[in-house]
Amino acid sequence: MANINWLELFLDPNTQWILLGSILLGLSSGVLGSFAYLRKQSLMGDALAHAALPGVCIAFMLTGSKSILFFLIGAAVSGIIATFGVGFVTRNSRIKQDSALGIVLSVFFGFGIVLLTQIQHGGSGNQSGLDKFLFGQAASMIHSDVVVMTIVALVLVAACALLFKEFKLLSFDSGFAKGLGYPVAFLEQLLMFLIVVAVVVGIQAVGVVLMSALLITPAVSARYWTERLGFMVALSGLFGAVSGFAGTLASTTANNLPTGPLSVLAATALFAVSVVCAPRRGLLAKLLLRLSVRRAVLDEREPGTPLRRGQTAASLAAETQARKEGQA
């Protein structure tokens, strides 16, 4: 009976579309989040997600429609204004970027809440469900919304693939990239614009509050498993896709549980697994390495020589090696 229910669940067209949209959303968010994480701009995703809210509200007030395409345009404009605002404050004052991001985040989000309250108390009868963009509601997506999300997600992944070398230089050494003749300022703004688009396209499924977590958490998890950027970006996209799939599936099979928070919880679970089980950076690997080093050191010391108080296995190994070299 359970197999029949699972089969019916996956054969449901509505479930198929929502699963596809959530998987591609997690994939594109994970890929872009890798570059934001490496450039130490994790808070930028949070600021852009909150800055998108007033754009969504203004788009609804102007069009009277809850179309994701109009929301995409409005939130993208709002996010771009926010990025220029952060740059302006950073360049023309002594305020550092993290403080500027906090200012932009609070101002834009506060303005968005004011607009949202105004809309809900207005005379329009079509504002029902607009507040779901705060925390997301994937079940409210229609076929056209998922089509737009799918197209945008594929475009974002394709753009990162085509500009991988440029974004790689930008992430690790922007000065060297500028010396090679790359348009660093343009690439930085382009990367910010792509992050804005990823945030905007995901707000209906995940919400503006949690979208930043879906951007950064898969990237941080992937960093534990590899030292290579290409593999990290691919693994981050995979973690994001798995998080979107798991969150949507859990939301579909349970009652009254939102997709966005469940997707973030799935990403957090992958992060916890990475912290513990990663082959080189994980806690378990480090513990096993320490035990193996200690065992090797204890095997190499002279028989009957105990560790002195306060002496570590590493210092004993250094003393043993120095003694051997002196005897040679």
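**Reading a helical model from Leu270 outward**

Guide: Let us start at Leu270, which sits in helix H12, residues 259-277. A helix here is a DSSP run of H or I with at least four residues, a strand is a run of E with at least two, and both are numbered from the N terminus. This is a predicted model, where local features need pLDDT of at least 70 and side-chain atom pairs count only at pLDDT 80 or more, while totals for chains, interfaces and linings use all residues. Residues are numbered from 1 along each chain as its sequence is written, and side-chain values use heavy atoms, with hydrogens and water left out.

Visitor: How many helices and strands does the protein have?

Guide: The protein has 14 helices and 0 strands. Along the sequence, the pattern reads α-α-α-α-α-α-α-α-α-α-α-α-α-α.

Visitor: Is Leu270 buried or exposed, or something in between?

Guide: Buried means under 20% relative accessible area, exposed means over 50%, and partly exposed is in between (1.4 Å probe, protein chains only). With a relative accessible area of 23%, Leu270 is partly exposed. Ser243, in helix H11 (residues 229-253), is buried, at 1%. Across the protein, buried residues make up 44% of the 328 residues.

Visitor: Which residues does Leu270 contact?

Guide: A contact means heavy atoms within 4.5 Å. Setting aside neighbours within four places in sequence, Leu270 contacts Ser221, Phe239, Val242 and Ser243. Take Val242: it is 28 residues from Leu270 in sequence, and their C-alpha atoms are 9.1 Å apart. With the same neighbours set aside, Ser243 contacts Leu214, Ser263, Ala266, Ala267 and Leu270. For the whole protein, among contacts with a separation of 6 or more, 71% join residues 24 or more positions apart.

Visitor: Which residues have the most contacts inside the largest nonpolar core?

Guide: A nonpolar core is a set of buried Ala, Val, Leu, Ile, Met, Phe, Trp, Tyr and Cys residues joined through side-chain atoms within 4.5 Å. The largest one has 69 residues, and Leu25, Leu191, Ile195 and Val206 have the most contacts inside it. Helix H9 (residues 184-202) gives this core its largest share, 12 residues. Leaving out residues up to four places away in sequence, Leu25 touches nine partners' worth of neighbours, including Met149, Ala198, Val206 and Leu214.

Visitor: Which residues line the largest cavity?

Guide: On a 1 Å grid over the protein atoms alone, a cavity is a set of points where a 1.4 Å probe fits but cannot get out; a pocket is an open set with protein on both sides within 12 Å along at least five of seven lines, and lining residues have an atom within 4 Å of a point. Grid points join across faces, edges and corners, and the volume is the space filled by probe spheres set on them. The search finds 1 cavity of 30 Å³ or more, and the largest cavity has a volume of about 50 Å³. Its lining includes Leu25, Val206, Leu214 and Ser263. H12 gives the largest share of that lining, 3 residues.

Visitor: What is the volume of the largest pocket?

Guide: The largest pocket holds about 270 Å³ of space. It is lined by 13 residues, and Gln41, Gly87, Gln97, Glu188 and Gln189 are the closest to its centre. Helix H4 gives the most to this lining, with 5 residues.
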